[in-house]
Structures are given as C-alpha cells and as structure tokens.
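Hi,

Here's the structure I said I'd pass along. Have a look at it first, then read on for my notes.

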Amino acid sequence: MTTIPTASYGILQQHRCDFALDEAAEQVKNLGYAVLDAGYTADELRGISEEFNRTRASYVETHGESRLKSLNEFHTIRSPLTHGGAAFLNLALNENLLSILKKLIAGRFILNQQNGIINPPQEDYNQGVWHRDLPYQHFVSSQPLAINALFCVDDFTFENGATFVLPASHKAEAFPSANYVQRSAVQVAAKAGSFILLDCMVFHTGGFNATTKARRAINHLYNIPFFKQQINIPMNINITKLSDEAKNILGFNYIEHNSVAQYLSTRLGK
C-alpha cells in the first residue's frame, strides 16, 4: 500500500481533526458527504428494524396500498416519529447525530422531516433519481443551511442500491453534465446502524437494488429554523417528557404564529 505523505510546508492555516465527529464534519463541509456510526448495539438495531416493519404495516393499512401506489408513495413512510413508536423519536434525537449537526449548522436547527424509505428489490422507486434535498434550488452557501442524515436500517451495499453522491456538488449551482456524472459519482457503502450525512445541496440518488430483499432507511432533514417543516411535528407529537433541547429540535419554539397577540405572548419578559 502506498503511504500518503503527512509533512507539509508553506501552510499557514489547517483544520484540526481530533475526533471521529470532527473528521466526518470536515468531510461533509469539503465533499458534501460522510458516514457516521450512530452508536447503537445489535439489540437496539434489531428493535429499530422491528419498529420499522410494524410502522410500515400500519401505515399501509391506514392509507391504503392502492392509494399510496397511485401517489408514488408506496415505498415511503411519512413522519414515522409521529406514529407513536419511541424508536423513531429517539433516532431523530441521536446523541452522535446531534453532536455533529452542532458542528455543521451554525446556530439553531430544527428537524424539518423524517421519512422511512424502502428501496424495493428489482424495481425503480421515487428516490432513485438525482436530486438535492432542498429541491428546485440552484444556489450555494458558504455554510450548510440543511443536513440530510440517512439512517441505514439495513446494510447499504453496491448490490442493494447504496446511495450515489456527486462529491462537492454542494459548491456548484447547476447540475453537471451527464458525462461528468458518469465520471464522478461515488457510491457510498455503509453498515446498518450508520448515518450517511449529506449537505442538503449535494446531488445524490438511490441506486438500483439488484438483490431479492428490500433495503430500508430512515431519512432526516435538519435545517435552520427559517424553513417550514414538511409536516407539522409539534401538532402531531406528545410534548410530555420532552427536554427543552428536544422541543427546540422538533420545532416547538418555531411554530408559525396565527396573530400578533400570539407572537407577543412568546417573547421574553411577557
């Protein structure tokens, strides 16, 4: 194996990287993606997997398989943390994840959305096309405005359609040419229990699942509080036993006010 040199000269500024979180944060800032261990035990991962399957079955029963298929929503579970299972709420508040989000997003951030995603075997699905997770936007920012945290319920492999990314594409406004995509796309393999972190302006797509088994994931999008949530989480979750930090992250302190009087009632010194 070739040894990469570490000595240097003429360098006046350099990022320090002392821990795994710092290394992952640096990679997200520079390349737009990284993989982070969520820190779960095998038993905890098994519990998340079982909760995913229970929630999926209930979700399909509630909304109807034919209706979900007609809406191209059959392989998605919208806002699973609002369906009553503690595993999804705990996942959205994962300690390792929140620690790295605080390194990436300056100031406050909230959970914009959480969605269960199923990459079905041997067929196309709605996440299998190139996109940004702030879609229809063609601008760049010097600091991340939003971070995508895709939790791997199952192993992400080259065979089952692990996510493709275009490294550093969060620094370019336009989607690149087809030839550039073919030359530059990187497929990100990751073990179950990992978060695949993406700057939400990096272009990415799910791959084709060539196996005989579905590949499951739970996606999270965290952003500065100026973007509204996909689904109003505070209106659909029990506030009891939530810490002040959890209320902040879930958006309880950033609900759109219905009147001036309601807005003033939230100000300090009321």
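Below is what turned up on the core, one helix and the main pocket.

This is a predicted model, with local features needing pLDDT of at least 70, side-chain atom pairs counting only at pLDDT 80 or more, and totals for chains, interfaces and linings using all residues. Numbering runs from 1 along each chain as its sequence is written, and side-chain values use heavy atoms, with hydrogens and water left out.

Core first. The largest nonpolar core (buried Ala, Val, Leu, Ile, Met, Phe, Trp, Tyr and Cys joined through side-chain atoms within 4.5 Å) has 43 residues, and L81, F195, Y222 and L250 have the most contacts inside it. Its largest share, 5 residues, comes from helix α5, residues 95–104 (helices are DSSP runs of H or I, at least four residues; strands are runs of E, at least two; both numbered from the N terminus).

In α5, L97, L98, I100, L101 and L104 are buried (under 20% relative accessible area; exposed is over 50%, partly exposed in between; 1.4 Å probe, protein chains only). Down the helix axis these buried residues fall within an arc of 165° (from directions of the axis to the C-beta atoms), so they line one face of α5. The face turned away from that side carries exposed E95 and K102.

Now the largest pocket (an open set of points on a 1 Å grid over the protein atoms alone, with protein on both sides within 12 Å along at least five of seven lines; lining residues have an atom within 4 Å of a point). It is lined by 17 residues, with R78, Q113, Q127, D133 and Q230 nearest its centre. Strand β3 gives the largest share of that lining, 4 residues.

Cheers

Technical notes: On a 1 Å grid over the protein atoms alone, a cavity is a set of points where a 1.4 Å probe fits but cannot get out, and a pocket is an open set with protein on both sides within 12 Å along at least five of seven lines; lining residues have an atom within 4 Å of a point.
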